[in-house]
Amino acid sequence: MPNIKSAKKRVLVSEVNYLRNKAVRSNLKTMIKKAEASIADNAADKAEVVNQAIKTIDKAAAKGILHKNCAARKKSALICKLNKAG
């Protein structure tokens, strides 16, 4: 446990940020899984679900939770799967 007051505050702040980032990451994974499932099931609204997933990926990248190249890679993979599904 830290002794310095500013270090104690950093522990509290980093815990809050960790929980916030964890929630965003969890939501991101859920959205990607939903998009991939809708593509696999050939659902009627698969393009809409993929667009929502891409929007979530962009938000995570904007918040610094994902690196911009990682976000681009994930979006590209989703779009490729969507295009292959037809």
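**Exercise 1. Place Ala 53 in the fold and decide whether it is buried or exposed.**

Step 1. Ala 53 sits in helix α2, residues 46–62. Helices here are DSSP runs of H or I with at least four residues, strands are runs of E with at least two, and both are numbered from the N terminus.

Step 2. Know the cut-offs. Buried means under 20% relative accessible area, exposed means over 50%, and partly exposed lies in between (1.4 Å probe, protein chains only).

Step 3. Apply them. Ala 53 has 0% relative accessibility, so it counts as buried.

Step 4. List its partners. Contact means heavy atoms within 4.5 Å. Not counting residues up to four places away in sequence, Ala 53 touches Met 31, Ile 32, Ala 35 and Leu 78.

Before going on, note the ground rules. This is a predicted model: local features need pLDDT of at least 70, side-chain atom pairs count only at pLDDT 80 or more, and totals for chains, interfaces and linings use all residues. Residues are numbered from 1 along each chain as its sequence is written, and side-chain values use heavy atoms, with hydrogens and water left out.

**Exercise 2. Describe the overall build of the protein chain.**

Step 1. Count the elements. The protein chain has three helices and zero strands. Along the sequence, the pattern reads α-α-α.

Step 2. Test the spread. The radius of gyration is 17 Å, well over the 12 Å that the globule rule gives for 86 residues, so the protein chain is more spread out than a compact globule. The radius is taken over C-alpha atoms, and the rule is 2.2 Å times the number of residues to the power 0.38.

Step 3. Look at the box. The C-alpha atoms fill roughly 60 × 20 × 15 Å along the principal axes.

Step 4. Check the burial. Of the 86 residues, 24% count as buried.

**Exercise 3. Check the span of α1 and find what its buried residues pack against.**

Step 1. Work out the expected span. The rule is 1.5 Å times one less than the number of residues.

Step 2. Compare. The 36 residues of α1 should span 52 Å, and its end C-alpha atoms are 53 Å apart, which agrees.

Step 3. Name the buried residues. In α1 they are Val 24, Leu 28, Met 31, Ile 32, Ala 35, Ser 38 and Ile 39.

Step 4. Find their partners. The buried residues of α1 pack against α2 and α3 (68–85).

**Exercise 4. Sort Ser 38, Lys 33 and Asn 42 into buried or exposed.**

Step 1. Take Ser 38, in helix α1 (residues 5–40). Its relative accessibility is 8%, so Ser 38 counts as buried. Leaving aside neighbours within four places in sequence, Ser 38 is in contact with Ala 43, Lys 46 and Val 49.

Step 2. Take Lys 33, which also lies in helix α1. Lys 33 is exposed, because its relative accessible area is 59%. Its C-alpha atom is 9.9 Å from that of Val 50, and the two residues are 17 apart along the chain.

Step 3. Take Asn 42, in the loop between α1 and α2. Asn 42 is exposed, because its relative accessible area is 51%.

**Exercise 5. What sign does phi take at Asn 42?**

Step 1. Locate the residue. Asn 42 comes just after α1.

Step 2. Read the angle. Phi is positive, about 55°, although Asn 42 is not a glycine.
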